[in-house]
Amino acid sequence: MSDMNRLQAMIDASRHLVFFGGAGTSTESGIKDFRSAGGLYSTDFHGYPPEEVLSIGFLKAHYELFMEYVREQLSVEGVRPNAGHEKLAALEEAGILKAIITQNIDGLHQQAGSKNVIEIHGTLHRWYCTGCRQHAAKPFTCNCRPDAMVRPDVTLYGEALNEKAVDAAIHAICSADTLIVCGTSLTVYPAAAYLRYFRGDNLIIINRDATDYDGRASLKMTDSFAEVFSRIQVREG
Ligand code: CNA
């Protein structure tokens, strides 16, 4: 049986399918990931490594540079979901997929029509003022306090994850009989550690590069997200 047929059989047999994804699900929409060759981590920004730029300490110390990085490197304007995002939305619509947990901040799953999306690292589609908590879907100006900053509602290095999102993610993983992990290097913690809550039948990893969890997978595929998901059949009931 081919890997594609095995994947389809596991999805067909599943009663509670959950998807856990990362930046690799958006590369085929034209958004760079962090750790692939040519990803965001391969280029410093004004002499700073991106890991440092995307930290709470950097935001506080170099707000203008941080904002420039977000505008230039993380912009999601005009970006469209790919065939993989669309198939996941169709699987949810058919009642097969119960939840998407994503480390991404680009909002592409929702743009494709997915409803139950748990964004454990926040979103670039929500901005808030650290002074008065006013918020909006885009960057805005606020003069409520001299030290206030308008920032994206994303989890930066050095910050804790949103508790509600973490609880929802762990609950979804605990409830899954089949978990598809895709487009993530599984190196960003604590997100990657949530996989240890999976107690179901089949852990499926679809990722171009190797991950530390490959040995635990019932099925590992190295084909691309959009390629694999465009071939999945949505079989209701
Ligand atoms: P990562 O560490 O960059 O890993 C991405 C993984 O995806 C790599 O192992 C690649 O081999 C694999 N990959 C890349 N393209 C594909 C593809 N088309 N099909 C299959 N596999 C592919 O990214 P992680 O998500 O693991 O790291 C978590 C970080 C990345 C989170 O904090 C995110 O906020 C952050 N991030 C998000 C975005 C986004 O929202 N689109 C973009 C860049 C970084």
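Two strands count as paired if DSSP finds at least two bridges between them. Strands (E, at least two residues) and helices (H or I, at least four) are DSSP runs, numbered from the N terminus. The model is predicted: local features need pLDDT of at least 70, side-chain atom pairs count only at pLDDT 80 or more, and totals for chains, interfaces and linings use all residues. Residues are numbered from 1 along each chain as its sequence is written, and side-chain values use heavy atoms, with hydrogens and water left out.

**Exercise 1. Work out how the open sheet of three strands is arranged.**

Step 1. Start with β4, residues 122-129, which two bridges join to β5. These two strands run antiparallel.

Step 2. Find a facing pair: Trp-127 stands opposite Ala-136 in β5.

Step 3. Write the strand order, which is β5-β4-β6, with antiparallel pairing. The edge strands, β5 (135-136) and β6 (150-154), each pair on one side only.

**Exercise 2. Describe the surroundings of the ligand.**

Step 1. Count the residues near the ligand, meaning those with a heavy atom within 4 Å of it. There are 28, and Arg-35, Asp-106, Thr-184, Ser-185 and Asp-209 come nearest.

Step 2. List polar contacts, which are pairs of N or O atoms within 3.5 Å. A polar side-chain atom of His-121 lies 2.8 Å from a ligand oxygen atom, and one of Thr-184 lies 2.7 Å from an oxygen atom of the ligand. Phe-225 uses a backbone N or O atom, 3.0 Å from a ligand nitrogen atom.

Step 3. Give the cover: the protein covers 96% of the 870 Å² of accessible area that the ligand has on its own. Such areas come from the Shrake-Rupley method with a 1.4 Å probe.

**Exercise 3. Locate the cis peptide bond and the positive phi of His-46.**

Step 1. Most residues other than glycine have a negative phi, and most peptide bonds are trans.

Step 2. The bond from Tyr-189 to Pro-190 is cis, with omega near 10 degrees. Pro-190 lies in the loop between β7 (178-182) and β8 (202-206).

Step 3. His-46 has a phi near 50 degrees. Its loop lies between β1 (17-21) and α2 (50-53).

Terms used:
Near = heavy atom within 4 Å. Polar contact = N/O pair within 3.5 Å; in protein donor to acceptor, adjacent residues only side chain to side chain.
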